[in-house]
Amino acid sequence: MKGSLWNHVLNELKINLNPQTYETWFAESSMVSSSKERLIVEFNDRRIRDHVESRYSSQISAIIHDLSGKNVKIDYIVTDDSIESSLVNKNQAKSDREAGSITIKNGIVEIPKARLNPRFDFSKFVVGSNNQIAHAASLSVAQNPGNQYNPLFIWGGVGLGKTHLLQAICQKLEHEKSYLKVLYIHSEQFVNEIVTAIRQGDTSHFKLKYRFVDVLLIDDIQFIQGKDQTQIEFFHTFDTLYQSGRQIVISSDRPPKKLTLLTDRIRTRFEWGLITKISPPDLETRVAIIQNKASEEGIELDNEILYFIAKRITSNIRAIEGALTTLKFADEEISKESAARLLKDFMTDRLEEGLSIDEIRNEIASYFSISTQELDSKSREGRLILPRFLAIYFTCKYTKLSTKEIGQHFGGRDHSTIINARQEIEKKSKKDSQTMEIIKALEQKLNI
Ligand code: ADP
Ligand code: MG
């Protein structure tokens, strides 16, 4: 349905009422927000609101039911004159209005559109096993806000696509459900706004901005930790929105349990919905991401170089982007050698042949169907010794870690044990064809 639902209602009322009645009761009304189940309509005078609610609410409900086929709950609210006038005054007083502040025009709360990165949309997000659930849940939220995953809590390390997903939700909603009020904000700005509001002794502005949105997305929530006033406001905002079926999306660099400086009541609320993690991308996903970005940037990369980069920059997609930008502006033919030199600074993962210790451990554990904890354990069970020795051998050979560091990664073994394990495998690989086969298979799995 194009245009706001309330405009459709008004059109119907215009047809059914005489012009003066319409003008008296409805001319100054406006829609604050609407979702599938709820519509908030605002009047600038309490008497008008009371009259409309008692006299016309059943007629309005019937019109909405005809239009949408649904029983939508309607809240008739009054613009608080004192809030409005104080806001208007404040806004006027500030010639240079801070970004993100709201305005009230003809009784409608207007939330300025967040500055979103146009690149951060769903079409540019590469889905891999590392982010599949986060992606699917985000898409579902964008299609059906407030319905299934509420709140949606996405967490993961830096540069793994959290902001990208939050903004993708935003842009899809703005595009396809423009009648919804969608607010994306970084939690630092959220904190700043509260601090300012409290300093000015007036939080009504803040409340109006946050409690009437249909979808609230807060990025990097970890920054509200330890900030008591912010947490109180956030808590009330959360409850107001949640109870009226509005969608809340949160991102964080750690899971709720690890947000230790957050009050329990907020932490438990995060657990009401879906908590999903974005992990570092696996090799395949990294290759797909590099391919996408390279073609976006108009960089030609042959497969060998593609894999060369994908194997070496493992933990952070932002670093992959930096690497590609470097290659784009390099004034020379891109070969494996020149890439290695140009991208030295991005390859900080202590990799030599493009492997991280985690990749080695995970691949080897899965090859032998054991857990990575069993690689570390002190158990001398026969089935564990070969995998453990192989994992140590590969780590010695394909990372830059010292034997002492490797020992720490393998359950705190000392460096002589590490050297011994490596030598054992080297010896075995020369005379035992079965070990040789296993090494080959593992090398293939690890793309060496
Ligand atoms: P975070 O917020 O988790 O720190 P960002 O969302 O800012 O990370 O992502 C960092 C960069 O990596 C952005 O440019 C983003 O577009 C890109 N990126 C992250 N994940 C993906 C992905 N799955 N597909 C394509 N680009 C991605
Ligand atoms: Mg981010």
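In what follows, Ala, Val, Leu, Ile, Met, Phe, Trp, Tyr, Cys and Pro count as nonpolar, Asp, Glu, Lys and Arg as charged, and the others, Gly among them, as polar. Keep in mind that the model is predicted.

**Exercise 1. Find out what surrounds ligand 1, and sort that shell by class.**

Step 1: Start with the neighbours. There are 19 residues around ligand 1, and the closest are Val-126, Gly-159, Thr-163, His-164 and Glu-321.

Step 2: Now sort the shell. Seven of its residues are nonpolar, six are polar and six are charged.

**Exercise 2. Track down polar contacts to oxygen atoms of ligand 1, using a cut-off of 3.5 Å between N or O atoms.**

Step 1: Try the backbone. Leu-160 has a backbone N or O atom 3.2 Å from an oxygen atom of ligand 1, and for a polar backbone atom of Gly-161 the distance to a ligand oxygen is 3.1 Å.

Step 2: Go on to a side chain. Lys-162 places a side-chain N or O atom 2.8 Å from an oxygen atom of ligand 1.

Step 3: Check how well covered the ligand is. On its own, ligand 1 exposes 550 Å², and the protein buries 95% of that.

Step 4: See which elements do the surrounding. Those giving two or more residues to the shell are α6 (162-176), α11 (283-297) and α13 (317-329).

**Exercise 3. Work out which parts of the chain the pair Arg-119 and Glu-321 ties together.**

Step 1: Recall the basic idea: oppositely charged side chains can pair when their charged atoms come close.

Step 2: Look at the pair. Arg-119 and Glu-321 form a salt bridge through their side chains, at 3.5 Å from N to O.

Step 3: Place both residues. Arg-119 sits in the loop between β5 (108-110) and α5 (132-143), while Glu-321 belongs to helix α13, so the pair links parts 202 residues apart in sequence.

Step 4: Check exposure. Arg-119 is partly exposed at 30% relative accessible area, and Glu-321 is also partly exposed, at 22%.

**Exercise 4. Say how Glu-176 and Lys-172 are placed in helix α6.**

Step 1: Note the contact. The side chains of Glu-176 and Lys-172 meet in a salt bridge of 3.1 Å, N to O.

Step 2: Count along the helix. The two residues are four apart in α6, so about one helical turn separates them.

Step 3: Add the exposure. Glu-176 is partly exposed, with 46% relative accessibility.

Step 4: Now turn to a network. Arg-119, Lys-293 and Glu-321 are joined into one by salt bridges that share partners.

Terms used. Residues are numbered from 1 along each chain as its sequence is written. Chains are lettered from A and ligands numbered from 1 in the order in which they are written. This is a predicted model: local features need pLDDT of at least 70, side-chain atom pairs count only at pLDDT 80 or more; totals for chains, interfaces and linings use all residues. Side-chain values use heavy atoms; hydrogens and water are left out. A residue is near a molecule or strand if one of its heavy atoms lies within 4 Å of it. A polar contact is a pair of N or O atoms within 3.5 Å; within protein, one must be able to donate a hydrogen and the other to accept it, and residues adjacent in sequence count only if both atoms are side-chain atoms. Accessible areas come from the Shrake-Rupley method with a 1.4 Å probe; for residues, only the protein chains shown count as cover. A salt bridge is a side-chain nitrogen of Lys or Arg within 4 Å of a carboxyl oxygen of Asp or Glu. Buried means under 20% relative accessible area, exposed over 50%, partly exposed in between (1.4 Å probe, protein chains only).
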